[in-house]
Amino acid sequence: MPREAEPSLSERTFTLQAISEGLRLDGRKLDEFRRLELSFGDEYGVADVKVLAKVSAEVTVPFTDRPFDGIFQITSELGPMVAPSYEVNRPTETEVLLARLLEKTIRRSGALDTESLCLVAGQKCWSVRVDLHVLSADGNLIDSACFAVVAALRHFRKPDTSIEGETLTVYTPAEREPVPLSWLHSPFCATFDFFGDEGDIVVVDTTWLEEQLRVASCTFSLNKHGEICQISKLGGRPIEATLVIQCAQMALAKVKEFTDLLDAKLAEDAKRRDKGGLMAELSAENER
Amino acid sequence: MAPPAAELSHLPKADGSANFSFGGYTITAAVNGPVEAQRRDENPFEALVDVNVRPAAGVGGTAERQLEAILQPALRHLIAIRNFPRCVVQVTLQVMEAPENAYVNSKVMQPRLNLGIIPSLLHAAMLGLLTAAIPLNTVASATCLAITNATAGTTIKVDPSPTEIDQATSVHVLGFTAGRDLLIAESEGSFTAEEWDRVLQTAENVCCRGQETGNDAEMGGYGAESENVLQFMRSVLEAKAAESLHWR
């Protein structure tokens, strides 16, 4: 497959000059995000931000070394849909980094209570799987991917189950309304890109062109309470410590915005599904 | 059943892209091409058609490979491949949503042939190819039919739902080009030769309906039994072309 074209010299100088003057090609401010669009599918657990995240669950046998935990995995795929240079079944560096970052942000931060996925200790558990399909990418893939995964997981409903003695019953959607996952907190990613010789110009939500010209980048994952899950800065120019702290502050503001947006969208979707106000009665879930 | 819906050129990076939804299925197609083929699979006389089906959940397995094997020869007949030697036309089909049977909890990792998805995949691929402006010999449409044996006799259901497919004795997918030539014929289940003849007749009527002008009204109008997808594709593309040429 053909290689992706690198930005030309004139493109490079023009973009960098503009950024150093505080201007961006699409007319945004340096600390301004593109408008985030989120839509949920008709099924539960489908969220689409030009990346598609699909959640699915099935009953399996837990890992022998962790008999009380369910299985939760996130897989991501970049295919020829993004650009012809991505090949099928040959993961690129971006894909590996994306998968690792999502893993650290969502799985290792304990956003999903895996113990609640256990049905019969050591014998049966839920295996929740998130499949992330990138449809199109123009920079800042990590933030949008993380948003999509969190949105899809919070939107997802798994079939209801009951245990009587030794027998486990999994109810179909027609028998009992599916139940949401036990979700503990919603971490989001905010990526900052640094430009300039000293790396002192901070730009958020970069486009693909800007992303190719950055000198360093740093991704913060945190929830709206300001609890940081991870910070990753993979190589690039060294950055002043004060700047990193400033970025963390900005990230918190951004994450609060993301949380509000997601909550609003989820409430909107719940209202759309709640035809005739029957949802409260259909739900077999216990009040916490 | 809801009428088909489509969105064209919604992915900025791909040469052509389309989102097609009908009967609970939503498919996104991205088409890149003609691009240079890799050395190992280039053909000096014609373009290679590379079809890639991706499931919504899980990684693609044997079921997806089989769908690819059904679609790839069909698309090869449609694309003017001899115009582009040593090239490749990449068609990526991403399943976004598939209808679920509310009475059964489905397993993710169970490969199972799903004939019902083929029409949507083909239509999405067609729209993708058309928006990518890839020269085509002809256009095509397909339909899915299910035969149910009840005490009252056999009935043929066009565009069956997953529940109806589960109850059917045989499921058939037939595709026709705009010139009424048979392009795809896949069947599953047990059926007699007479039943297949009836299926062929019905499918031809469904796919090629309304090509003779004035026929539409007699058949009960647009959407009488199922949507005429070729007409739908034409109207969507006309709307898109009108929108794109609005500046003139």
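In this predicted model, 28 residues of chain A are in contact with 27 residues of chain B, where contact means that C-beta atoms, placed from the backbone, lie within 7 Å. On the side of chain A that touches chain B, β3 (51-60) and β6 (124-134) each supply at least two residues; strands here are DSSP runs of E with at least two residues, helices are runs of H or I with at least four, and both are numbered from the N terminus. The largest share, 4 residues, comes from β3(A). Local features need pLDDT of at least 70 and side-chain atom pairs count only at pLDDT 80 or more, while totals for chains, interfaces and linings use all residues. Residues are numbered from 1 along each chain as its sequence is written, and chains are lettered from A and ligands numbered from 1 in the order in which they are written.

Turning to chain B, helix α6(B) has two contrasting faces. Its residues B:V229, B:L230, B:F232, B:M233 and B:V236 are buried, that is, 20 or more other C-beta atoms lie within 10 Å of their own (12 or fewer for exposed, partly exposed in between). They cover an arc of only 160 degrees around the axis, which puts them on the same side of α6(B); the arc is taken from the directions from the helix axis to the C-beta atoms. The face turned away carries the exposed residues B:S235, B:E238, B:A239, B:A241 and B:A242. Among the elements covering the buried residues is α2 (118-131) of chain B.

Back in chain A, 4 strands form an open sheet in the order β12-β11-β13-β14, with antiparallel pairing; a pair needs at least two DSSP bridges.

Key:
Two residues are in contact if their C-beta atoms, placed from the backbone, lie within 7 Å.
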